Amino acid sequence: MSKNVLVVIELKGGAVRKTSLPAVTFAKQAAQKLGGQVHALVCGDNVSAAAEEMKKYGVAVVWAANSPALKNYLPDAFAKATLKAAEAAGAGVICASATAQGRDYLPRVAASLGAGMASDIIGVEDIGGKMAFKRPMFAGNLHQWVEVTTEKKVVSVRPTDFEGAAAGAPSGEVKSLDVGIDAGALKTKFVEFAEVKSERPELTDARIVISGGRGTKGPEGYKETVEVLADALGAAVGATRAIVDAGWVPNDWQVGQTGKVVAPELYIGLGLSGAIQHIAGMAGSKVIVAVNKDPDAPIFKIADYGLVADLFKVVPELIAEIKKVQ
Amino acid sequence: MKILCTAKRVPDPEIKLRVAGDGSGYVKDGVKWVVNPFDEIAVEESLRLKEKHGGEVVVVSIGPADAAQQVRQCLAMGADRGVLVKADGEVDSDAAARAIVKIIQEEKPDLVIMGKQAVDYDSSQAAAIAAELLGWGQAAYASKVVVADDGKSVRVTREVDGGLETVDVVLPGIVTADLRLNEPRYASLPSIMKAKKKPLKETTFAELGVDAAPKVKSLKIAEPPARKAGQLVPDVPTLVKKLHDEAKVI
Ligand SMILES: Cc1cc2nc3c(=O)[nH]c(=O)nc-3n(C[C@H](O)[C@H](O)[C@H](O)COP(=O)(O)OP(=O)(O)OC[C@H]3O[C@@H](n4cnc5c(N)ncnc54)[C@H](O)[C@@H]3O)c2cc1C
Ligand SMILES: Nc1ncnc2c1ncn2[C@@H]1O[C@H](COP(=O)(O)O)[C@@H](O)[C@H]1O
């Protein structure tokens, strides 16, 4: 019993969010260790299409929870739906990607089950026969291996550290899940969502990310450098906390311990010092480039290629040189 | 309005922690301790709501006896009373949450404001665990909190993936503070003196009748592998050439 693994899938506009697929990979690894099956859960008020889509990812069962109470994300409703699905699936491990949503409701699931939860895991190892979850702590300054001592285990999975599950031929079956949630009884009520619309790729799954810090001098300077370079490369844009706090760019662009965690093939940091809390969100990038006029900026300690220069001079030249090689 | 907020003692985020010899934890001797930055924001928000709506602010911490210093710091900011649950050794987010729930049940606040995450273990669990155990609503990652005119709910703007979400949380409920909720005040010297006389109740897990056993056990702690040292390039053409020929990313 309880050998199965339940993975909760996040939807956007009725479709599976790519950032959920790394959690599916973790779920498959865990199910293999436990000798069980992977079950997936999709929640919303119209999830039939997403449930069909999930069949491509090689899970045994897709639970489709359709309910007006699940139309918009609410922590108490999503926790209840997850508990129902965990029971139906006979799940011993319950996981989701560590997104703003996953981080928000999974602890409620753990609390309700009396289970322990490992947050933001970046790997699974065997330590003395125990399933040890590896996770960053103290802004990634240290790595910690933890054991969840309860029989049931809840896990949030850092999407940058597991490959996304690949799509294949549809398999498994879709089952509908009656969650029986009374929307009126929920203690949190949805009011509105102000989406930051952008034509650029999503920060968390872009191949290239260009980030700017205080060295960009202001919202105009940021636009003229970071955004112009990003558009030349088809890249996503990111920022340090300092300039998000200053109101130069939307909060959704913050990279770091308390912002987004990104791991692109190429990360270019312009005029940012490389504070440990910023590095916590981008140290997993394959290639890091730093442009900073201070040769002692900490970012140079982790950059693969560093250029000590004025970013306002560098960016136009960079765009011209890149055009030559592209 | 009675507000309860929580404040964990954590190592100063600006310092570098060292792994203890046996890998069981981090070296605590000589570490500079501070109030978890998100909790300072939670305390500040509680004070601002009290200034606007009247009431009382109670601050709760779970930690070693020395954590009384951090509770005093919150009292110096302006909180009215403190409760310290003394515990030696690591307390996981779940045990902390269960102690906090017990105190919430005794204190019966209208609103609880906690931090989004404690920056030592970065778990970000305690508030949601407490909300679930109490059967309350929650709004995490708040960048704005407004009490409804009828005082029966709070409207919270939340920083989430892709934008800003607004929700109403029925009171009593739990909110967690994100970085942009406010800028915490500095305590003035007179208020630091005054804080020394404010009530600070000390208790223990045993007295509260809460089991402190962790559900998440630390097996090992280690430094992450260092990134291999990179190189400085003299100019833009060299940089682009290396990115193209060597790293093959553009
Ligand atoms: C609890 C907590 C959580 C945090 N979370 C985050 C987080 O998630 N993400 C984050 O980023 N930060 C976070 N921070 C903040 C972090 O500590 C730093 O304050 C912040 O990252 C600094 O931003 P910056 O690099 O833009 O600014 P600065 O440190 O001021 O750096 C600006 C850099 O620009 C360079 N520069 C100036 N002009 C030029 C020019 N013309 N050309 C080239 N270079 C130039 C300067 O040499 C300098 O190195 C957090 C802090 C705390 C305490
Ligand atoms: N030992 C503790 N003492 C006081 N508050 C705590 C403690 N542990 C957690 N909290 C509160 O819960 C929040 C989230 O903590 P965590 O889930 O451990 O990351 C913190 O920001 C605090 O507000």
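## The shell around ligand 2

Strand 4 of chain B gives the largest share of the shell around ligand 2, namely three residues. Please keep in mind as you look around that this is a predicted model.

The shell holds 18 residues, and those that come nearest to ligand 2 are B:Thr6, B:Asp39, B:Ser93, B:Gln125 and B:Ala126. Sorted by character, the shell has seven nonpolar residues, nine polar ones and two charged ones.

## Polar contacts of ligand 2

Let's move to the individual atoms. On the side-chain side, an N or O atom of B:Ser93 is 2.8 Å from an oxygen atom of ligand 2. The backbone takes part too: a polar backbone atom of B:Ile62 is 2.8 Å from a nitrogen atom of the ligand, and a backbone N or O atom of B:Gly115 lies 2.9 Å from a ligand oxygen atom.

How much of ligand 2 does the protein bury? Taken alone, the ligand exposes 470 Å², and 98% of that is buried by the protein. Strand 4 (56-63), helix 3 (93-107) and strand 6 (111-115) of chain B are the elements that give two or more residues each to the shell.

## Helix 2 of chain B

Staying in chain B, have a look at helix 2, which spans residues 68-77. Seven of its ten residues are buried, so this helix is largely enclosed by the rest of the structure. If you would like to find the buried residues, they are B:Ala68, B:Gln70, B:Val71, B:Cys74, B:Leu75, B:Ala76 and B:Met77.

Right after helix 2 of chain B comes B:Gly78, which has a positive phi, near 140°.

## A sheet built from both chains

Now for a sheet that draws on chains A and B. Four strands form an open sheet in the order 8(A)-9(A)-10(A)-12(B), and their pairing is antiparallel. Which strands stand at the edges? They are strand 8 (123-127) of chain A and strand 12 (216-222) of chain B; each has a single partner strand, so one side of each is left without a neighbour in the sheet. From one strand to the next, the twist averages 35°.

As a general reminder, the strands of a sheet pair through backbone hydrogen bonds, in either a parallel or an antiparallel way. In chain A, strand 9 (residues 130-137) and strand 10 (residues 142-148) pair in the antiparallel sense, with five bridges between them. To find your place here, start from A:Pro136, which stands opposite A:His143 in strand 10 of chain A.

Notes:
Residues numbered from 1 in each chain as written. Chains lettered and ligands numbered in written order. Predicted model: local features only at pLDDT ≥ 70, side-chain atom pairs only at ≥ 80, totals over all residues. Heavy atoms only, no water. Pairing = 2+ DSSP bridges. Axes fitted to C-alpha atoms, helices over the stretch in contact; angles between N-to-C directions. Buried < 20%, exposed > 50% of the residue type's maximum accessible area, 1.4 Å probe, protein only. Near = heavy atom within 4 Å. Polar contact = N/O pair within 3.5 Å; in protein donor to acceptor, adjacent residues only side chain to side chain. Areas by Shrake-Rupley, 256 points an atom, 1.4 Å probe, with all protein chains shown as cover. Nonpolar A, V, L, I, M, F, W, Y, C, P; charged D, E, K, R; others polar.
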